[in-house]
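Please have a look at the model below. A short report on selected features follows.

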Amino acid sequence: SASVPAPPPLPSSRPEIAASGFGPAPNTLTEPVWDTVKRDLSRIISNLKLVVFPNPYREDPGKALRDWDLWGPFFFIVFLGLTLSWSASVKKSEVFAVAFGLLAAGAVILTLNVLLLGGHIIFFQSLSLLGYCLFPLDVGALICMLKDNVILKIVVVCVTLAWSSWAAYPFMSSAVNPRRKALALYPVFLMYVSVGFLIIAID
Amino acid sequence: MMSGKYTTIDNQPGSVPAVPDSGHVAVKFADSNLQTFPPSSAQGKITGGSRPPRDADDTFSKPGSGGSSDESQQSGWLRRRGTFTEKTASNPDLYGPFWICTTLIFVAASMSTFVTYISHKLKHEKWEYDINLVSWSAGLFYGYVTIVPLCLYVILKYFSVPAGIVQLLCLYGYSLFVFIPALCMSIVPLEIFRWVIAAVAGLMSATFLALNLRAHIVSAGERWFLIVAGIFLLQLALAVVLKVYLFTVSV
């Protein structure tokens, strides 16, 4: 009788597969909360490094695409909304609502745009990558909140905007047909420009 | 039996055996005026059957009107010819209209913010960013481009001149294209210049809409003029509303 021996528990890159039936259940349900948080944080940081600091000499360039998660993007979107809301002098809650709505709906619409152009992309993976590419704009918004000089704001926003677009360019352009690359990239640029404009304008 | 007729033809030397098609037996084309253009009749008047066939995009009768490119995006500039609907009848795209609208929202909000910022700073007044501009312009543009074509679709169906809803959305989306440079040019702080820009942009875009719709619904009977006039006025009203709301600065 050939009974298949139970394979060892999967490595901790997929902790959410709790009761998959492969051997003893992984102990993510009973581990301390701090361990779970630490694992998610380390994944966020590693994905961030892979997406926002693209290194052409890296040995496994597709790793960020495979290990996508949605905590990082959620955190960055909320952080940007909060920063803009703190910076605003009036109508703070509306500013947060518009910023959050713009970023969340924008990410969904950009992904649908790629899919409708006949590109090949996984919906949540694209949401994840677009969210990670917001990190430079988060840094820019934080700097603009702390120092309220218009010239400095314009310079900082331009630099971070270029950085965000440069980070989003590789995976957006590789997802569609080369003839439609501009059609897929223009909306990404438009969204980042409008977010950058919001950062400059809100004081 | 029909074979009798064909045997006679077959017996003629050097003739091609006729295909048994009853409609084409022994038809000879006389010297028809349809073939010669301009009509070369010596009488100097055009007889009844010699009008050139009406062609879909008017190139037959107006050969020198200037070339038009195949790109849907650029045909928005060709307002005189009303040929946009023919070009996009088979493959209307919604990418152009949607992203033109979205770009317009951003341009409107940013230009209006910039204008109020400059005018407040010049008078050394305190300025606050009005976040409602973004949501207001989003509601206006998305609402206009979805609701007006929908109503027009229903109206056209009622008058039994059906037009596809996607074609109407495409038409309306591209008609808004001219507002992008118009809004950018409205930064200039001269009030009369802003009104001129708004009028010109409104007229151009309304004429584009009217020409394209007229080409389609002339067959609707006498009501077509009302519909086209209504569309024209609505587009002008949009231009006026944009100018009044976005660029009227009260400091």
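In this predicted model, residues 94–118 of chain B have end C-alpha atoms that lie 36 Å apart, and this span is 96% helix and 0% strand. The table sets it beside residues 138–156 of chain B.

| Span | Distance between end C-alpha atoms | Helix | Strand |
|---|---|---|---|
| Residues 94–118 of chain B | 36 Å | 96% | 0% |
| Residues 138–156 of chain B | 27 Å | 100% | 0% |

Both spans appear in the UniProt record, an unreviewed entry, as "transmembrane region", a feature also placed at residues 168–189, 195–213 and 225–246 of chain B.

What does the secondary structure of chain B come to? It has eight helices and zero strands, so to speak an α-α-α-α-α-α-α-α run from the N terminus on. Of the 251 residues in chain B, 35% are buried. Its accessible surface is about 14,900 Å², with 65% belonging to carbon and sulfur atoms. If you look at contacts between residues at least 6 apart in the sequence of chain B, 70% of them join residues at least 24 apart.

Now over to chain A. There, helix H4 (residues 92–116) packs with helix H8 (residues 181–201) at an angle of about 170°, and their axes are 9 Å apart. Angles over 145 degrees count as roughly antiparallel, so H4(A) and H8(A) are roughly antiparallel to each other. H4(A) contributes residues including A:Leu102, A:Gly106 and A:Asn113 to the contact, while those from H8(A) include A:Leu183, A:Pro187 and A:Met191. Twelve residues of this contact are nonpolar, two are polar and none is charged.

Technical notes
Residues are numbered from 1 along each chain as its sequence is written. Chains are lettered from A and ligands numbered from 1 in the order in which they are written. This is a predicted model: local features need pLDDT of at least 70, side-chain atom pairs count only at pLDDT 80 or more; totals for chains, interfaces and linings use all residues. Side-chain values use heavy atoms; hydrogens and water are left out. Axes are lines fitted to C-alpha atoms, for helices over the stretch in contact, and angles run from 0 to 180 degrees between N-to-C directions. Helices (H or I, at least four residues) and strands (E, at least two) are DSSP runs, numbered from the N terminus. Angles under 35 degrees count as roughly parallel, over 145 as roughly antiparallel, 65 to 115 as roughly perpendicular and the rest as oblique. Contact means heavy atoms within 4.5 Å. Ala, Val, Leu, Ile, Met, Phe, Trp, Tyr, Cys and Pro count as nonpolar, Asp, Glu, Lys and Arg as charged, and the others, Gly among them, as polar. UniProt positions are given in the numbering used here, feature names are shortened, and annotations may be inferred rather than shown by experiment. Buried means under 20% relative accessible area, exposed over 50%, partly exposed in between (1.4 Å probe, protein chains only). Accessible areas come from the Shrake-Rupley method with a 1.4 Å probe; for residues, only the protein chains shown count as cover.
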